[in-house]
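Here is a short tour of one helix and the spot where it ends. Have a look at the model, then read on.

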Amino acid sequence: MFDFPLHPPLVHFALAAAVGASLFEGLGLILKRPPLRQTGGHLLALVPFLLAANIAAGLYDADPVPLTGETGALIVLHRNLGFGTGATYLVAWLLRWVERRRFAGRGAPCPFVLLCGLLLLTGLVLILVTGYFGGELVFKQGVNVG
């Protein structure tokens, strides 16, 4: 259907939103600045949708590539890490949504906020690892270079 790979040009929007959400949320928690957390929450609301679009584009782009040998193993690893990253940010967003609805103006219990923060930190680590293997696919294996 498309004559060019979709995943590579789309992925950076999701990554920027995810990293921004994590950083704003983290700084807002550390500095106790609600406007920073609010910005992080707005970005976080975009992340699951952007990651879902990227996962769909990645699956579409990988469809014609045989999942054999080293390249196939890297594609499967990158795909599975992408699913994990998407799930992590989705759960973080759901927790943040519940926090805003249930504890609006009162402040959520510390364990609740810490869990969301840990999920965002986990998401950042997953982005780094997933991106590393994505780079391996592009720069060493030549997958989806056009």
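Let's begin with K32, which is exposed, with a relative accessible area of 68%. This is a predicted model, by the way. K32 is found in the loop between α1 and α2 (34-62), and its phi is near 55°, a positive value in a residue other than glycine. That positive phi comes just after α1.

Now step back into the helix itself. α1 covers residues 7-31. It has 25 residues and reaches 36 Å from its first C-alpha to its last, close to the 36 Å expected at 1.5 Å a residue.

Which residues of α1 are buried? They are H7, V11, A14, A17, A18, G20, A21, S22, E25 and G28. Some background helps when you read that list: an α-helix has 3.6 residues a turn, so residues three or four places apart point the same way. As for what the buried residues of α1 pack against, the partners are α2, α3 (69-102) and α4 (110-140).

There is a surface side to the story too. L27, L29, I30 and L31 form a nonpolar patch there, and together they have about 380 Å² of accessible area. L27, which lies in α1, is partly exposed, because its relative accessible area is 42%, and the range for that label runs between 20% and 50%.

Here are the two residues with a value of their own, side by side:

| Residue | Relative accessible area | State |
|---|---|---|
| L27 | 42% | partly exposed |
| K32 | 68% | exposed |

So, to recap: α1 has buried residues packed against α2, α3 and α4, while L27, L29, I30 and L31 make a nonpolar patch on the surface.

Key: Residues are numbered from 1 along each chain as its sequence is written. This is a predicted model: local features need pLDDT of at least 70, side-chain atom pairs count only at pLDDT 80 or more; totals for chains, interfaces and linings use all residues. Side-chain values use heavy atoms; hydrogens and water are left out. Patches are made of residues with over 30% relative accessible area and no salt bridge: like charges are joined within 9 Å, nonpolar side chains (Val, Leu, Ile, Met, Phe, Trp, Tyr) within 5 Å. Accessible areas come from the Shrake-Rupley method with a 1.4 Å probe; for residues, only the protein chains shown count as cover. A salt bridge is a side-chain nitrogen of Lys or Arg within 4 Å of a carboxyl oxygen of Asp or Glu. Helices (H or I, at least four residues) and strands (E, at least two) are DSSP runs, numbered from the N terminus. Buried means under 20% relative accessible area, exposed over 50%, partly exposed in between (1.4 Å probe, protein chains only). The expected span of a helix is 1.5 Å times one less than its number of residues. Contact means heavy atoms within 4.5 Å.
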